[in-house]
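Trainee: I am new to this model. Please take me through one part of it, closely and in order.

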Amino acid sequence: MKKEYLNKFYQKTHEERLHALVSAEVILEEDTSDFKRKLQLPEETANHMIENQISTYELPLGIGLNFFIDQKEYVVPMATEEPSVIAAASSAAKIIRQAGGFKTSIQERTMIGQIALKDVSNMKEAEEIILQHEDQIIEKANQAHPSIVKRGGGARSVKVRQIEADEQYNAPAFFVIHIHIQTLEAMGANIINTMVEAVKPYLESLTGGTAIMGILSNYATECLATATCHIPVSLLRKGSFSGEEVRDRIIEAGQFAVVDPYRAVTHNKGIMNGIDAVVLASGNDTRAIEAGVHAYATRSGQYRSLSNWSKAENGDLVGTMTIPLPVGTVGGSINIHPGAIFSKQLLGNPTAQELEAIIVSVGLGQNFSALKALVTEGIQKGHMGLHAKSLAISAGAVGDQIDLVSNELKKRKNMNLATAKEILEQIKDI
Ligand code: MEV
């Protein structure tokens, strides 16, 4: 990638941006013709994706810049409606790349399918029987989906969980069997659900219990992705704050989010600003990722920060984050949605593990930017510029009027829609 062509990307016109991507060798010249239409979801496809379809719903697609992850350059597609998210991610990535970029470690991708049984009279005995029949259970699961086995994946192991009756919630005891399944490049919901449904009757016959359901678990604790960054204090100076001060304040902000759930939710929401934007752009399931990530944030028994910020022995700021990231590069809408197909191309056709590495890094970078702003000048200063543009557009400004209205709006005490409308009227009168 010829990254230098992407400098000052935000200052370019829409057309210049596409050409910059071509010059940077991120996309091909032929991709730029009729670009907008090519990325649109055809009505016919949309109609086959959901029920009662009446139209499509668009979001802005932007690119996160400066990402250097595991020694590789990335231009990251991000679909989001929120101003500042992409600017913040790109600015974090710019600082972090100067410190060697993000380093990641991605667990072997194993998904979990659950079968829950009730009325298992002797759970201890049932557990022994299940574990004695592990090979047979795996074989039955794999027989239900031979194509994933042919490609090198499939069911790998079986785990039993006994959940005691809970009087407070009026819940009986459950005997739960987990099947650990490797779905390779897919997130694998269909593969997992097919397998667990196929083994359900066999598990009933082994345990004497009654299966209440078989379904994948979105709590993908066997599909974890970790990103780390080390940032020297020389890169952290901001306004009147020294690098050391910014580092220590970010660490304190991180500690606050570890111990206070009210802060942790906002802290993690900021992380998900970046994560969701890439998950969505890549055609993956944002709800599955959100649900799993937030559950992971409660693994200690309290909802806490997903990231961790500390001081290295040499004084660097060290950021790290581990989250479940069961994303795929095939299946679902990934190979159907033109935007998702384009995103994959933009990322250089990554493997699912590589996609996890990119997403977890974006999340950590997003968090770094938010904390850095919060503990120094606050986030409003940066946000207001983009917010002013949104207000200008909402007020009805078009073309050049958008910048004229938003620039004037930033100078006013009351930055709101009424003021934006008032400024627009004045501009129209000139
Ligand atoms: C806004 O969308 C996200 C932040 O609130 C995140 C945070 O507070 O860490 C800025």
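Which residues line the largest cavity?

Mentor: The model is predicted, so local features need pLDDT of at least 70 and side-chain atom pairs 80 or more, while totals for chains, interfaces and linings use all residues. Residues are numbered from 1 along each chain as its sequence is written, and side-chain values use heavy atoms, without hydrogens or water.

The whole structure holds 2 cavities of 30 Å³ or more (on a 1 Å grid, points where a 1.4 Å probe fits but cannot get out; lining residues have an atom within 4 Å of a point). The largest has a volume of about 50 Å³ (the space filled by probe spheres set on the points).

Now its wall. Ser-282 takes part, and so do Gly-328, Thr-329 and Ile-334. Ala-340, Ser-343 and Lys-344 join them. Leu-347 and Leu-355 complete the lining. Helix 13 spans residues 338–346 and gives the most, with 3 residues (a DSSP run of H or I, at least four residues; a strand is E, at least two). Those 3 are Ala-340, Ser-343 and Lys-344.

By class, the lining has 4 nonpolar, 4 polar and 1 charged residue. The charged one is Lys-344. Gly-328 counts as polar. Ile-334, Ala-340, Leu-347 and Leu-355 are the nonpolar ones.

Set the second largest cavity beside it. That one holds about 40 Å³. Its lining includes Met-111, Ile-112, Leu-216 and Ser-217. Strand 4 (111–118) and strand 7 (210–217) each give two or more residues to that lining. Its classes are 7 nonpolar, 2 polar and no charged residues. The largest cavity, by contrast, has 1 charged residue in its lining.

Conventions:
1 Å grid on protein atoms, 1.4 Å probe; cavity = no way out; pocket = protein on both sides within 12 Å on 5 of 7 lines; lining within 4 Å.
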